[in-house]
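Open the model in your viewer and switch to a cartoon view. The stops below follow one sheet, strand by strand.

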Amino acid sequence: MAFAQVPAPAPAANGNGAATPAQPPAPSPDPLGRDSPAGMITGFIDAAGEQNYERAAQYLDLSQEKGAWGPSVAQQLQRILDQGGVVYSRLRLSSDPQGDVDDGLPLDLEKIGLVRTDHGNVDLLAQRVADKEGRKIWLISAKTVADLPDLSRTVVSSYVDRLLPYELRTEYRVAGAPVGHWAAIVVLAFLSYAAVWLITGAIWVVVFRWRRRTGDSRLRRVLMASGFPIRLLFASLVLRVAMVLSGVAIVARQYMMNVTELLGWVALSWIVWRVVDALASFAIDRMTLRGRLSMLSAINFLRRSIKFVIIAFALIAGLNSLGYNVTAGLAALGIGGIAIALGAQKTIEHLVGSLTLVTDQPMRVGDFCRFGDTTGTIEDIGMRSTRIRTLDRTLVTVPNGQLSSSSIENYSRRDKFWFHPILDLRYETTPAQIRSLIAALREMLLAHPDVDNDPARVRMVGLGDTSLKIEIFSYIHAASMDRFLEIQEELLLRAMELVDEVGTGFAFPSQTLYVARDKGVTPAKAQPQADAPRSAPPRSAREGVVERV
């Protein structure tokens, strides 16, 4: 049986006609996570916590230790780290395969921690080398591995191991660390918070006593609002230092470092949250006292925006402290940005509408407005929607994108109220009575202190089907609708009195039927017309004339 031979693809030619050699495939990621200093440290501590020292030895550069047994060296490094070693946190260690290029060290070296010895601190270094498959990976440097015997003799002994019995520090383990060290962490956490609580309490007593003399309560308000998160933040920092100084096992310490780092970010976000609330409340009080109510909506919107940023920041920092690669997640979001934008276009529209409402300020909280078929009082302008209390006392929620694109009539922003009644008088009213009534009404408007004199117009504007129409056109100065209605009522009652004083009355929608005998043409006015010569009518007209007998 014959088989067809498929020729291999020819190499691509470059611009000079010569064949370009095929590029070698990119190396696959390291299965042990040694592509970055942070991944290397995480993998070593995880392996040491599982007491898998054969895997832990693969994170060491043993090229200069020909006769050393890898698992024994890894176990020795763990003991040194347990007693007096410090490994940097995830935030300080670089997650970049190139490492930290701005640390002042050669490009293939990275500082990952230190060891406290009797002669001072000794740096722990990681080095970037090539493995058998040509991948660039990070390992604990050969120099650090060579210094381990000397470090084990000079390292500061652990205070926790001195106090714990043999069983609690050696035999019983939880999550790769001795039970006694976990118990020590609980005690240290309690002592750290107690010490911070006493110190901050003493400071606040002094500050509050001094502020009470000056009469300023702003600092007291901020401190009282953020008291617990401040203590939690400092307690987490003190606990981190206490675990290192007391010599807690590196496995338990690294787990708790992640926990304290997460608590620190939560506490810091909590503090900023409370400070924003306190400052916003203070600003609202000041703006209310100054009468600048238009700033209330802007303050509330700014407070919500800052809180949204705080939540996003705390979420990213918390995920990073737990070991999740937030950078890769954000890159994935960038790849799917078009799909997210299409799905969230309404949300973005409402957010832009919120910015428009806050910057342009066509309305503010407390204003009485009408847009479309909805009329009511603005109760809240949020980041997505606005809540309106209608006259029926129902609550209407309108998306800000729709609200910003609609016509808004703000009744609270008017400077004057329009007083514009039309008086319908009876047709029996004489011209003299109308002139007298117009003069009296104009005098009434000019004499009232709350009526604007320009214009204070009273005019007869038409002959209606059933009435004579008198128009009053003026503006009333009033601070509220209730005051306007009170003045309007007073003016209308006075107008009724003036109509009665001139001897006329208001017309009703009615029809009057007059029955009278036709008097014919007036002889005196018709005689001159009879003497005048008449012109002959046109032929068409003469043909249509019918002689009356």
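**The hairpin and its sheet**

Start at Gly372, which takes a positive phi near 65° in the hairpin of β7 and β8, where 2 residues lie between the strands. Keep in mind that this is a predicted model.

Next, select residues 368-371 and 374-381. These are strands β7 and β8, which run antiparallel and are joined by 4 bridges. Two of the facing pairs can be picked out by residue. Phe371 of the hairpin stands opposite Thr374 in β8, and Arg370 has Thr375 as its bridge partner in that strand.

Stay on β7 and show its side chains. Cys369 and Phe371 make up the covered face of this strand, while Phe368 and Arg370 make up the uncovered one. In a regular strand, side chains alternate between the two faces of the sheet.

Now turn to the other neighbour of β7. Strand β11 pairs with β7 in the antiparallel sense over 2 bridges. Arg370 appears again here: its bridge partner in β11 is Glu409.

Finally, zoom out to the whole sheet. It is open and has 5 strands in the order β10-β9-β8-β7-β11, with antiparallel pairing. Select 395-399 and 409-410 to see the edges: β10 and β11 each have a single partner strand, so one side of each is left without a neighbour in the sheet.

Notes:
Residues numbered from 1 in each chain as written. Predicted model: local features only at pLDDT ≥ 70, side-chain atom pairs only at ≥ 80, totals over all residues. Heavy atoms only, no water. Pairing = 2+ DSSP bridges. Buried < 20%, exposed > 50% of the residue type's maximum accessible area, 1.4 Å probe, protein only.
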